[in-house]
Amino acid sequence: MSILNECFFLILKLLGIVLLKAIYRIESVNKDYIPRTGPLIVAANHFSYMDPIVLQAMFPRRISFLMTELYYEGKLKWFFKLLHCICVQQSGPNTSSIREGLGVLKKKGVLGIFPEGGVSKEGILQPGNPGIGFFVLKSGAPVVPAFIAGTYEALPKGAKIPKKTKIKIHFGLPVTFESVGIGKDDRERVVEITNEIMRQIKNLSV
């Protein structure tokens, strides 16, 4: 079953790359920064519903994305399950999603997180949700920051018809956070890690 799932994923990814290159002339910058093995978190801005598709198309490894239940729990739930998306509840402790996310990293996989928590209506980077800081603190996994440019112009929140434009993803060097907030309690460290990740993403937008 896992082999069939991988084949399904690779076919979808190839199709996505072909369409994105043809329509949006998509390209990536510094993709060689991305470690090809080991546990990894990729954190990016979220300006459009296209972002997960775009990020996965240009990423050399399979990503398991955290996804809010608002979109996960619907007619396409079966599809998101096949893609290994992890459902995040809008309220409550989210014990299951935390366990699944840490499980991905424990198996040396890639966890995809949009730290803003939702799609930005204005195409402006929003403050980060401390959830990403928690995953970093508990897993010790390095973080690859990424900035996705062009998806807001192509399909902003609320739009129904995508526009043809250029899309580019800027990847940053992997960042580790062992020394961040040393001597402080976990809650303070989570906030500091989250803020630093958002700073790294913002720096890539210049």
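Here are four short exercises, with worked solutions, on a predicted model.

**Exercise 1: two helices that pack**

Work out how helix α5 and helix α6 are oriented where they pack, and which residues meet there.

*Solution.*
- Start with the general idea: a pair of packed helices is described by the angle between the axes and the distance between them.
- Here, α5 covers residues 95–106 and α6 covers residues 131–139; their angle is about 50°, and their axes are 11 Å apart.
- Now sort that angle. Roughly parallel would need under 35 degrees, and roughly perpendicular starts at 65, so α5 and α6 are oblique to each other.
- The crossing of α5 past α6 is right-handed.
- Next, look at who touches whom: from α5 come S97, I98, G101, L102 and L105, and they meet F134, F135, K138 and S139 of α6.
- Sorted by class, this contact has 5 nonpolar, 3 polar and 1 charged residues.

**Exercise 2: tracing the sheet**

Put the strands of the open sheet in order, and find its edge strands.

*Solution.*
- The sheet has 7 strands, and reading across gives β1-β7-β6-β2-β5-β3-β4, with mixed pairing.
- The edges are β1 (27–29) and β4 (86–88), since each of these strands pairs on one side only.
- Going from one strand to the next, the twist averages 25°.
- Zoom in on one pair: β6 (residues 143–149) and β7 (residues 168–171) run antiparallel and are joined by 4 bridges.
- To find your place in that pair, look for F147, which sits opposite H170 of β7.
- Finally, see what lies across the sheet: helix α8 (residues 186–203) lies across β2 (40–44) and β6, at about 45° to β6.

**Exercise 3: placing N30**

Where is N30, and how accessible is this residue?

*Solution.*
- Follow the chain to the loop between β1 and β2, and you'll find N30 there.
- Its relative accessibility is 31%, and partly exposed runs between the 20% and 50% cut-offs, so N30 counts as partly exposed.
- Now check a partner from elsewhere in the chain: A146 is 116 residues away along the chain, yet the C-alpha atoms of N30 and A146 are separated by 9.9 Å.

**Exercise 4: the surroundings of α2**

Is helix α2 largely enclosed or largely open?

*Solution.*
- Find α2 at residues 51–58.
- Pick out the residues with under 20% relative accessible area, the cut-off for buried: D51, V54, L55, Q56, A57 and M58.
- That makes 6 of the 8 residues in α2 buried, so the helix is largely enclosed by the rest of the structure.

Conventions:
Residues are numbered from 1 along each chain as its sequence is written. This is a predicted model: local features need pLDDT of at least 70, side-chain atom pairs count only at pLDDT 80 or more; totals for chains, interfaces and linings use all residues. Side-chain values use heavy atoms; hydrogens and water are left out. Axes are lines fitted to C-alpha atoms, for helices over the stretch in contact, and angles run from 0 to 180 degrees between N-to-C directions. Helices (H or I, at least four residues) and strands (E, at least two) are DSSP runs, numbered from the N terminus. Angles under 35 degrees count as roughly parallel, over 145 as roughly antiparallel, 65 to 115 as roughly perpendicular and the rest as oblique. A crossing is left-handed if the near helix is turned anticlockwise from the far one by less than a right angle, and right-handed if clockwise. Contact means heavy atoms within 4.5 Å. Ala, Val, Leu, Ile, Met, Phe, Trp, Tyr, Cys and Pro count as nonpolar, Asp, Glu, Lys and Arg as charged, and the others, Gly among them, as polar. Two strands pair if DSSP finds at least two bridges between them. Buried means under 20% relative accessible area, exposed over 50%, partly exposed in between (1.4 Å probe, protein chains only).
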